[in-house]
Amino acid sequence: MRTVLLIIAAGLAIALYRMLSRGGKTFSYGRTQTISFLTDGSEHVIQGTESGSIIITSKTVLIDGLEYIHKPGANEQLQAVMDYDENGLRSIRVFLANGEKQYFIDKSAK
């Protein structure tokens, strides 16, 4: 029994190390825009002054702890898109069930 528990603990330690060592590039956002698609086909846009952090890894985007896929695999769905301009990353759009939310990168935080 002790051997089994040690093997499980070692496996969990390795998994935790891999999760923490993934790293990624960190950004902050200073405002958001939420677009809701209404049943009549129109859009409802809400501007927000939220702020938070974004971590971009090779496959996912973590926005305030929530993970979205920006490079989907074979059986995965695209959940986020990064928008660039001449100065680099401008915003990240996350697809929601009834619309999308756009997080604008805070250029002054660099």
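What follows is a chat between a student and a tutor about the terms used for this predicted model.

Tutor: Ground rules: this is a predicted model, where local features need pLDDT of at least 70, side-chain atom pairs count only at pLDDT 80 or more, and totals for chains, interfaces and linings use all residues. Residues are numbered from 1 along each chain as its sequence is written, and side-chain values use heavy atoms, with hydrogens and water left out.

Student: What makes up the secondary structure of the protein?

Tutor: There is 1 helix and there are 8 strands, in the order α-β-β-β-β-β-β-β-β. Helices here are DSSP runs of H or I with at least four residues, strands are runs of E with at least two, and both are numbered from the N terminus.

Student: How do you know whether the protein is spread out or a compact globule?

Tutor: Set the radius of gyration against the globule rule. The radius is taken over C-alpha atoms, and the rule is 2.2 Å times the number of residues to the power 0.38. For 110 residues the rule gives 13 Å, but the protein has 18 Å, well over that, so it is more spread out than a compact globule. The C-alpha trace spans about 60 × 40 × 25 Å along its principal axes.

Student: Why are β1 and β2 said to pair?

Tutor: Pairing takes at least two bridges found by DSSP between two strands. β1 (residues 25-37) and β2 (residues 43-48) have 6 bridges, in the antiparallel sense. S36 stands opposite H44 in β2, and G41, in the hairpin with 5 residues between these strands, takes a positive phi near 95°.

Student: Why is H70 called buried?

Tutor: Buried means under 20% relative accessible area, exposed means over 50%, and partly exposed is in between (1.4 Å probe, protein chains only). H70 has 12%, so it is buried. H70 lies in the loop between β5 (66-69) and β6 (80-85).

Student: What is H70 in contact with?

Tutor: Contact means heavy atoms within 4.5 Å. Leaving aside neighbours within four places in sequence, the partners of H70 include I56, T57, V61, L78 and M82. A polar atom of the H70 side chain lies 3.1 Å from the backbone oxygen of T57.

Student: What makes a nonpolar core, and which residues have the most contacts inside the largest one?

Tutor: A nonpolar core is a set of buried Ala, Val, Leu, Ile, Met, Phe, Trp, Tyr and Cys residues joined through side-chain atoms within 4.5 Å. The largest has 14 residues, and I54, I56, I63, L89, I92 and V94 have the most contacts inside it. β7 (88-96) gives the most, with 3 residues.

Definitions and conventions
A polar contact is a pair of N or O atoms within 3.5 Å; within protein, one must be able to donate a hydrogen and the other to accept it, and residues adjacent in sequence count only if both atoms are side-chain atoms.
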